[in-house]
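Work through the following exercises slowly, with the sequence and the structure side by side, and try each task before you read its solution.

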Amino acid sequence: MSYAVKECFLTLQGEGVQTGRRAVFLRFAGCNLWTGREQDRDTAQCNFCDTDFVGTDVEGGGKFADAPTLAQQVERTWGPGTEDRLVVITGGEPMLQLDPPLVEALHARGFRIAVESNGTISAVAGIDWLCISPKAGTDVVQRRGNELKLVWPQMGIDPAEFECWDFSNFLIQPMDCEEREWALQDSIRLVMERPLWRLSLQAHKVIGLP
Ligand SMILES: C[S@@+](CC[C@H](N)C(=O)[O-])C[C@H]1O[C@@H](n2cnc3c(N)ncnc32)[C@H](O)[C@@H]1O
Ligand SMILES: Nc1nc2[nH]cc(C(=O)O)c2c(=O)[nH]1
Ligand code: SF4
Ligand SMILES: [Mg+2]
């Protein structure tokens with residue numbers, strides 16, 4: 001299978017339990033909950049997205065004919081060193097494209113594979129760190145993973161409904177939006193009330209990394 005990649009770049013993981021780790025970000029183009037066009041945002045199933053995932057035009061992006069070619073691009077982006085290699089596969093929705101051959105090709109090059117997914121498509125086997133971020137009104141089928149990261153606030157979602165799902169970590173991430181100060185304060189309130197949850201700030205935005 002070929003892969004449509006928006007961008008591929010080196011940065012620090014800015015979200016969740018792995019915050020601060022050096023990682024190659026592989027961002028796939030396309031999502032099943034929004035077209036990515038601003039004129040469709042209001043009617044989309046997910047309408048607070050902070051990411052441009054349309055096209056294959058940014059640094060390291062493009063169409064990749066097969067898994068080894070794409071894994072080679074990830075390896076090139078990591079640079080020298082074979083220790084502690086980490087790739088974070090995101091999007092758009094990565095589970096539209098991530099498949100067993102790509103998992104195998106990345107593992108063969110010594111990468112641990114982290115994935116950021118909305119959970120509406122079952123995750124492929126072999127992922128080393130799975131982050132699921134549920135969106136209100138969607139059918140989340142992937143109810144097991146390493147971290148559940150809920151962007152907050154979202155109308156029509158009660159965090160309590162996730163607490164029996166099979167995750168090792170539960171995170172609340174304030175929504176980056178016009179009302180971000182209110183989103184932060186309400187996230188703090190929620191974590192204070194429900195100590196199972198931890199606050200995830202988008203550290204990369206604070207320190208000015210992509
Ligand atoms: C751009 S999404 C791509 C991966 C996947 N489609 C998903 O939604 O999990 C990456 C992460 O950013 C989060 N996110 C998106 N928009 C956000 C916003 N405005 N504020 C805070 N987090 C946001 C998502 O919930 C997800 O955890
Ligand atoms: N530095 C950095 N960390 C991130 N963690 C999750 C991201 C995403 O867009 O999926 C992201 C991102 O876009 N940049
Ligand atoms: S599901 Fe993820 S990529 Fe898709 S629109 Fe929502 S936050 Fe953005
Ligand atoms: Mg991002």
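The exercises below concern a predicted model, and they move from the surroundings of the ligands to single residues.

**Exercise 1.** Describe the shell around ligand 1: which residues come nearest, and how does the shell divide by class?

*Solution.* Begin with the residues themselves: there are 18 around ligand 1, and D50, T51, N118, S133 and D176 are the ones that come nearest. Next, ask which elements give two or more residues to this shell, and you will find β5 (112-117) and β7 (144-152). Finally, sort the shell by class, which yields six nonpolar, seven polar and five charged residues.

**Exercise 2.** List the residues around ligand 2, and then sort them by class.

*Solution.* The residues around ligand 2 include T11, L12, Q13, G14 and E15, and further along the chain F25, T51, T90, E116, H204, L209 and P210 belong to the list as well. Sorting this shell gives four nonpolar, six polar and two charged residues.

**Exercise 3.** Locate G92, and decide whether G92 is buried or exposed.

*Solution.* In an unreviewed UniProt entry, G92 is listed under "binding site", together with residues including F48, C49 and D50. In the model, G92 sits in the loop between β4 (86-90) and α2 (100-108). To decide on burial, count the C-beta neighbours inside 10 Å: G92 has 26, and because a residue with 20 or more is called buried, G92 is buried. If neighbours within four places in sequence are left aside, the contacts of G92 are K6, R27, F28, A29, G30, C31 and F53.

**Exercise 4.** Carry out the analysis for P134: where does P134 lie, and which residues does P134 touch?

*Solution.* The same unreviewed UniProt entry also lists P134 under "binding site", and the loop that holds P134 is the one between β6 (129-132) and β7. P134 has 23 other C-beta atoms within 10 Å, so P134 is buried. Not counting residues up to four places away in sequence, P134 touches G119, V140, L150, I157 and F162.

**Exercise 5.** Examine C46: why does C46 count as buried or exposed, and how far is C46 from S168 in sequence and in space?

*Solution.* First place C46, which is found in the loop between β2 (22-28) and β3 (62-64). C46 has 20 C-beta neighbours inside 10 Å, and it counts as buried because the cut-off is 20 or more. Residues up to four places away in sequence being set aside, C46 touches L33, W34, N118 and K135. Lastly, C46 and S168 are 122 residues apart in sequence, while their C-alpha atoms are 25 Å apart in space.

Terms used:
Residues numbered from 1 in each chain as written. Chains lettered and ligands numbered in written order. Predicted model: local features only at pLDDT ≥ 70, side-chain atom pairs only at ≥ 80, totals over all residues. Near = placed C-beta within 6 Å. Helix = DSSP H or I, 4+ residues; strand = E, 2+ residues; numbered from the N terminus. Nonpolar A, V, L, I, M, F, W, Y, C, P; charged D, E, K, R; others polar. UniProt positions renumbered as here; feature names shortened; annotations may be inferred. Buried ≥ 20, exposed ≤ 12 C-beta atoms within 10 Å, placed from the backbone. Contact = placed C-beta atoms within 7 Å.
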